[in-house]
Structure formats: C-alpha cells, structure tokens
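Here is a friendly walk through one model, taking in a helix, its charged pairs and its aromatic rings. Please keep the viewer open as you read.

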Amino acid sequence: MLNALVPASLPESVAKQYKDQFVTWPNIPIGKQLPQLFASLQALRSAIKSLMDFQFTSIHLKPLFELCTTLRLKCLGIVVDKTSQAIVNLGSRETWKIDVGSKPAKTILPDFYETEITEALPCIKEILSFSSYPGELDLFTNERIRQMILDLFIVVLMSFKQCYDQLLQLKGDQRRPNRLLLQNTDDSSSISSMNEDKNISKLDQGNPTTGFTESTGRKLLMTICNVEYVTKFSLNLLAKRLSDNGVKYCDSIIEKCRQKFENFCQTLLKHYLTMKTSTLHSLVETINYDYLPEDDDVSYFIKELITCVVFIQAELCLFAPQLLHKVLTSTVEASFDKLVKILTDIKLPTKDHATQVVIDLTALEEAFQSFLSIETRRILNSIRARLMDKLDKEKFQICMQTFRQSLHLAIESLQNGIDEMNTSNV
C-alpha cells in the first residue's frame, strides 16, 4: 500500500531488499495527486474504523496508523505547495494601483493573498483532524513532525515575499520546496522531516544593486506598503483562521513570518534609498564654482537638488507617507556628506566665490532644516565660519531673498511635509 500511494516514503532498506518484488505503478499527474491521496486517506480511515469495530487492537493496526500519518503529511505537503505556487503566481494580477479605500495604503494583492490561504483551510483542517478518527496521531505531539509542519506553514505564508521577489525581478535562489519528502528514518514510522526551506535570494544578502533594472521606485514603495499591511493585519487574521482549522503554535509561526517580512521591508527600503541617494549624488557631483551665477541667486545645481528632493517627497506622499521623514532624512544627510567632501577640495580664489558657497549652504540648510542632524548643522556652521571674513553681506541678503521668493513653494513643501505620522515599522 505504501509503495502504491507514496513510494518515495518507502524505507531505504525495504526498497533495496524487495525492489524486484514491488509493483512499479505509473506516476500520478501532479494535478490529480491531491484528490487521489485524499480519497485513499478517507478509504484508509474507513477501513481502520471497521477493523477496530471487529476488535482489532492498536498493535495490530499500527502499520495502518503509520500509513495514515504518512498520507496526511503527504497531502499537507501538496496543499502547501499548491497554495504557495498560487500565491507566487498572484504577481500576474498586480495592478500597481493603490486601493483608495484602504487604510493603510495597499494594492489589491494582499486581499488575494488572504483568499488563497483561506481557500486551502478546509483541506488543512481535514488533514490535521484526528479526534474523530480513533487511533490517529495528533501530528503536533511529535516534535519532529511538529517542526516540519510549522516550517510548511511558514513557507506558505512567506510565499507573498516570493511573489514580489519574482514580480520585481529580484534575482537569486528562489527555490521553494515543491514536494514533501517522506522517507523512513526509523522502524517505527514512515515519516521523515522535510528539507529546510532555503529561500535565500541576493536581495536577502544585502546587495543594494541587484535586480532593479526593470523595477521602479514607485513599485518598491507599493511593495513596502503591501508587506507592511500583511505584517500588521493579514498575519493576525490568518493566524486566527489557521487556529480555528486545527493549526497549533500559530503564535510561533506568525512571529517568525512577521520578522521575515520586516526584514524584507528593511531590505526594500535600503534599495529605494540607494536609488534615490544615487540620483542626488549625481547632482551633487556637478557642483562647480568655476562659473558663478550671473544674477544674484543661489547656484543652479542647488535649485536642482532641492527640486529633486521635492519630487522624492511627492512620490512618498502619494504612495508611502509613513516613510516620508525617514527616507528624506537619510537621502538628505547622505547628500550633505557628499557635498561636504566636495567642498573640502574646491578652491575659492575670490570673495565672490566664498560668498556664493555661503549662500548655497545657507539655502540648502534652510530648505532641508527638518531633515538635518545636529552634527551636520555643526559641520555646515564650521564651513561658513571659515568663509565669513570673505562674505559679501549685501549680496548674501539679496541672494537669500531671491531664493526664498523663487522657491517658496518648494521650501514650504519640504518644511511642512514632516507632519505625516511615521507609523511604519521599517
């Protein structure tokens, strides 16, 4: 019976000893495995009940109990793999449109994710149930089996991450267990533990330049919002549904998944910051005081830098306002670090050059005052202090007035943009 239903779970010693005597059954198509194994499980349970009605003891029926446990685990592995693959395939249904009625912001994908898992619950409940079947094992009482089952549920819940790994073309090792390997490891059972999930991608290894040739900053932000939604809401909802359908130790499962999702969000945010910081750095690298502005104003590249930050702010306000202050603080601080290094090597031969540097630094500090650390302000003050003896005060005042008039909307936007509550865990 074991050879016919789950040949891969045959003990190795038995397979070698009787290999010529076993019938070679045709392979069951993947799509038909679950219905056939479920039918076999129900027939086996019915047979066990009938035998027990005829006074067969548990000792007599032990091999059938073990076979029943093996079938249950095999069915669970198939359900998990089928559900996980369905979740990964949800990427084709992603519209990249924010659900305006959702608070917090998300796309439609988290709802599909919850639906896929919910639809698998009746099968999971039937597999895990044991109280209505005398003699059957509570799968969670065996430590080795319990850990295997917990790993399976972590795999299916974390398939949402794999969906976005694939959707954003985050290349790497995307392997997921596509079957439950059931091989006997002792004489008392025909069950073996599943190979540990090795969902390790280059993204998790912290390579900030991996796999973003096709994705955009907006998609990254929407992904972060979706993962945060799953972490804060979907996991709690699914934990209750899993618990109601016979899954034990849900708290442990959810806590491990929550940590993995939070790490995923941190990594996505790191890539987003890298993209935006790179853009700002390219602007900072254009700083050159060989030619000064013809009019009394801040330098052109300073205006470009401020405008670029405003564009980043607008993108964040639209898709992930909870990340606004964190992202702008990080990108602005990184840009100022780069700016200070460049200014250190720039020669300022005349009073006009020194005055222009003071004007530009003051304009940047005024525009980005909400995002600068105390240490950065101290460094800016020290740079200005060294140039004060060359400062043309009248020109400085005229230029700052012109700057405030010409960029007042951008300045106001940056100074008022931090009112959004930072409710993200990222």
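What follows looks at salt bridges, then aromatic pairs, then one serine and one helix.

This is a predicted model, in which local features need pLDDT of at least 70 and side-chain atom pairs count only at pLDDT 80 or more, while totals for chains, interfaces and linings use all residues. Residues are numbered from 1 along each chain as its sequence is written, and side-chain values use heavy atoms, with hydrogens and water left out.

**Salt bridges**

The structure holds 16 salt bridges, each being a side-chain nitrogen of Lys or Arg within 4 Å of a carboxyl oxygen of Asp or Glu. Three of them, including their N to O distances, are set out here.

| Pair | N to O distance |
|---|---|
| Arg 45 and Glu 126 | 3.1 Å |
| Lys 276 and Glu 315 | 3.3 Å |
| Glu 375 and Arg 378 | 2.5 Å |

The salt bridge between Arg 45 and Glu 126 links distant parts of the chain: Arg 45 sits in helix H3 (residues 30-53) and Glu 126 in helix H5 (residues 109-128), 81 residues apart. Helices here are DSSP runs (H or I, at least four residues), numbered from the N terminus. Arg 45 counts as buried at 6% relative accessibility, whereas Glu 126 is partly exposed at 26%; buried means under 20% relative accessible area, exposed over 50%, and partly exposed in between, with a 1.4 Å probe and protein chains only. Both residues also belong to a network of salt bridges that links Arg 45, Arg 72, Glu 126 and Glu 136.

Next comes the salt bridge of Lys 276 with Glu 315. Lys 276 lies in helix H8 (residues 250-284) and Glu 315 in helix H9, so this pair ties together parts 39 residues apart in sequence. Both Lys 276 and Glu 315 are buried.

Glu 375 and Arg 378 are 3 residues apart in helix H12 (residues 374-387), so about one helical turn separates them. Glu 375 is partly exposed at 41%, and Arg 378 is partly exposed at 48%.

**Aromatic pairs**

Rings of Phe, Tyr and Trp (its six-membered ring) pair if their centres lie within 6.5 Å, and planes over 60 degrees apart count as edge-to-face. The count comes to 8 aromatic pairs. Phe 160 and Phe 261 form an edge-to-face pair, 6.4 Å centre to centre with 75 degrees between the planes. Phe 160 is in helix H6 and Phe 261 in helix H8, 101 residues apart. Phe 160 is buried at 0%, and Phe 261 is buried at 0%. Both are in one aromatic cluster with Trp 96, Tyr 113 and Tyr 164.

**Ser 159**

Ser 159 is found in helix H6 (residues 143-167) and is buried, with a relative accessible area of 0%. A polar atom of the Ser 159 side chain lies 3.0 Å from the backbone oxygen of Val 155. Leaving aside neighbours within four places in sequence, Ser 159 is in contact (heavy atoms within 4.5 Å) with Ser 84, Ile 87 and Val 88.

**Helix H13**

Which residues of H13 are buried? They are Lys 395, Cys 399, Met 400 and Phe 403. These cover an arc of only 130 degrees around the axis, which puts them on the same side of H13; the arc is that of the directions from the helix axis to the C-beta atoms. The buried residues of H13 pack against helix H9 (300-319), helix H11 (351-367) and helix H14 (408-416). Turned away from that buried side is a face carrying the exposed residues Lys 393, Glu 394, Gln 397 and Gln 405.

Notes
Helices (H or I, at least four residues) and strands (E, at least two) are DSSP runs, numbered from the N terminus. A polar contact is a pair of N or O atoms within 3.5 Å; within protein, one must be able to donate a hydrogen and the other to accept it, and residues adjacent in sequence count only if both atoms are side-chain atoms. Rings of Phe, Tyr and Trp (its six-membered ring) pair if their centres lie within 6.5 Å; planes under 30 degrees apart count as stacked, over 60 as edge-to-face and the rest as tilted.
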